[in-house]
Amino acid sequence: MNGVNSVANSLQIERVGKGDSLANNVAKQLEKQVSTGRISVGDRLPTENALCELFGVSRTVIREAITQLKSLGLVETKRGVGTSVIRAQSSETLFAYQIDPTAIADILHILEMRLSVETTACELAALRRSEDDVILLEKHFNAFDKALSRGELARKEDYAFHLAICTATRNPFLKQFYEQFNKNVIPRAKLVNSELNQIATDEYLRRVRSEHLEILNCIKSKDAEGAKQAMHNHLYRAYHLYERYQSNNKFDLE
């Protein structure tokens, strides 16, 4: 416990203001503490209570922030042990050799919008979906798999899966709102195939598939909170990845 307290005392933390996206703010600050070595690989994060006090936020915010760090592969939580740092950098692999800076800015703006809209849409879909909606979601999930087996980027199939979620909300305005963007709402729709590293791209798409499966299972089981969190993790991870492209002027693969 003393070791955990010493970690807490060494952190450079800014208390989160009411105007911030609370969990994202906390997650980014903790990630910075890890990447700069203030929290070392193998160290445990401070307790929930300590983090609540440090950031001035609720336990719910801290738990969501920890979930985001888990989705980036930075930490793991074990019962009776706490949350430990398992790597200093995100496990996400950069899969494009180069992306135009304007395209990155557009992708990040779109993902910001999707984070605000689709997390709620996924929650509503879990609450309101019919059996026909589940069949349609499974159809698009399987179409995504078939596209991957053909060596494609599955842009169209990815969009169709997300549109089916908006359709399952039974809110026609959510569906219309999403339809106007077509497959351009999918980040990799803005990337040129020849600029992609095939091995890293395949790994990225497998990660997308596993996240789609988690979303699908939550909607099928009518787990509204789980569906909301699964969609948030899915989109937040993508946002974080493209932020790294923006901050990496050389666009080098790791």
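In the predicted model, Arg114, Glu118, Ala121, Cys122, Ala125 and Arg128 of helix H5 are in contact (heavy atoms within 4.5 Å) with His162, Ile165, Cys166 and Ala168 of helix H7. These residues comprise six nonpolar, one polar and three charged, where Ala, Val, Leu, Ile, Met, Phe, Trp, Tyr, Cys and Pro count as nonpolar, Asp, Glu, Lys and Arg as charged, and the others, Gly among them, as polar. The axes of H5 and H7 come within 7 Å and cross at roughly 60°; the two helices are therefore oblique to each other. Residues are numbered from 1 along each chain as its sequence is written. The model is predicted, with local features needing pLDDT of at least 70 and side-chain atom pairs counting only at pLDDT 80 or more, while totals for chains, interfaces and linings use all residues, and side-chain values use heavy atoms, without hydrogens and water.

Helices H2 and H4 pack at an angle of about 55°, with their axes 8 Å apart, and are therefore oblique (outside the ranges under 35, 65 to 115 and over 145 degrees). The contact of H2 with H4 contains 10 nonpolar, two polar and two charged residues. Among the residues that meet are Leu22, Val26 and Leu30 in H2 and Val61, Ile62 and Leu69 in H4.

The largest nonpolar core (buried residues, under 20% relative accessible area with a 1.4 Å probe, joined through side-chain atoms within 4.5 Å) has 59 residues, and Ile165, Ile219 and Tyr242 have the most contacts inside it. Helix H10 gives the most to this core, with 11 residues. A second, separate core of 11 residues includes Val117, Ala121, Leu124 and Cys166.

Key:
Buried means under 20% relative accessible area, exposed over 50%, partly exposed in between (1.4 Å probe, protein chains only). Helices (H or I, at least four residues) and strands (E, at least two) are DSSP runs, numbered from the N terminus. Axes are lines fitted to C-alpha atoms, for helices over the stretch in contact, and angles run from 0 to 180 degrees between N-to-C directions.
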